[in-house]
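Dear colleague,

I am passing on the structure we spoke about, and I would be glad if you looked it over before reading my notes. What I found in it is set out below the structure.

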Amino acid sequence: MDDAAKKTVLRHFPYGLYAVTVAHDGEDHGMTANWLTQAAFDPPMVVVAIENTSKTIGMVRDSHHFAINLLLKGQRDLAGKLGRSSDQAPQKLKGIKTKPAPVAGAPVLVDGLGWVECRVVATLPAGDHTLVLGEIGARRRGAHPGGSGLQVLRLITASGRRLARRKSCTALLPRRLNQAVP
Ligand SMILES: Cc1cc2nc3c(=O)[nH]c(=O)nc-3n(C[C@H](O)[C@H](O)[C@H](O)COP(=O)(O)O)c2cc1C
């Protein structure tokens with residue numbers, strides 16, 4: 001398959017959109033991630049690809065824990081904020097309501113759709129990213145008055161631009177897409 005064909009196929013992969021959060025040495029940190037999926041039922045596990053140059057990967061390695069926060073449809077701006085590099089935007093969680101998750105204290109978003117706290121069970125180099133496999137310990141759905149009618153934020157790929165205009169999708173963040181499909 002040539003490079004152009006690969007790019008075309010990759011652009012059509014559908015993704016969710018999450019905030020990966022972590023605490024280490026008294027510092028809270030978070031980043032937006034879309035390369036994330038459940039990886040096992042029993043025990044329940046998730047895997048996330050985290051950029052090797054990020055601040056997050058170092059903190060996850062050091063604390064051996066992280067949290068995955070599900071974002072709500074209305075939290076697109078938050079996804080954009082946490083999606084900036086910490087070089088340009090230090091203390092990205094400042095001003096965002098969080099509380100420490102029970103096991104390792106990863107800061108979980110109080111106003112998100114829900115969260116899981118994970119213990120790192122393996123990491124695997126994957127080019128410019130590292131795959132982090134986490135076993136889910138604590139979990140909680142957010143307490144929202146909207147209840148089950150709330151919708152999760154999803155990443156819409158470049159090929160979904162037209163859909164975005166029709167408002168059937170909630171997030172279009174092309175800068176990341178350029179990174180994802182170099
Ligand atoms: C929509 C979107 C999705 C992203 N998905 C990922 C991802 O899956 N993995 C990743 O390493 N970075 C991803 N990023 C980039 C990181 O959020 C960003 O580079 C991060 O803030 C840098 O990490 P740091 O703050 O820990 O240094 C994404 C950014 C955006 C805007």
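The largest nonpolar core holds 37 residues, and those with the most contacts inside it are Tyr 18, Val 20, Ala 67, Ile 68, Leu 71, Ala 106 and Trp 115. Two or more residues each come to this core from strands S2 (18-24), S3, S5, S6 (65-70), S8 (107-109) and S9 (114-126), and likewise from helices H2 and H3 (76-82); of these elements, S2 gives the most, with 5 residues. Ala 67 may serve as an example of how such a residue is surrounded: once its neighbours within four places in sequence are left aside, Ala 67 is in contact with Thr 21, Ala 101, Ala 106, Val 108, Trp 115, Val 116, Glu 117 and Cys 118.

Please keep in mind throughout that this is a predicted model. The average pLDDT of the protein is 84, with 81% of the residues scoring at least 70, but over residues 158-182 the pLDDT stays under 50, and for that stretch the model has 36 contacts beyond four places in sequence, which I would ask you to read with that score in view.

As to the overall fold, the secondary structure comes to 5 helices and 11 strands, and 31% of the 182 residues of the protein count as buried. Among the contacts with a separation of 6 or more, 62% are between residues 24 or more positions apart.

Helix H2 deserves a separate paragraph. Its buried residues are Thr 56, Ile 57, Met 59 and Val 60, and because these fall within an arc of 165° when seen down the helix axis, they line one face of H2. The cover over the buried residues of H2 includes S2, S3, S5, S6, S9 and strand S10 (129-141). Just after H2, His 64 takes a positive phi of about 65°.

Lastly, there is the ligand. Which residues come nearest to the ligand? Of the 21 residues around it, they are Trp 35, Ser 54, Thr 56, Gly 83 and Ser 86. The elements giving two or more residues to the shell around the ligand are strand S3 (27-33), strand S5 (45-51) and helix H2 (55-63). By class, this shell is made up of 9 nonpolar, 8 polar and 4 charged residues. Thr 56 thus appears twice in these notes, as one of the buried residues of H2 and as one of the residues that come nearest to the ligand.

With best regards

Methods: Residues numbered from 1 in each chain as written. Predicted model: local features only at pLDDT ≥ 70, side-chain atom pairs only at ≥ 80, totals over all residues. Near = placed C-beta within 6 Å. Helix = DSSP H or I, 4+ residues; strand = E, 2+ residues; numbered from the N terminus. Nonpolar A, V, L, I, M, F, W, Y, C, P; charged D, E, K, R; others polar. pLDDT = per-residue confidence, 0-100. Contact = placed C-beta atoms within 7 Å. Core = buried A, V, L, I, M, F, W, Y, C linked by C-beta atoms within 7 Å. Buried ≥ 20, exposed ≤ 12 C-beta atoms within 10 Å, placed from the backbone. Arc of directions from axis to C-beta.
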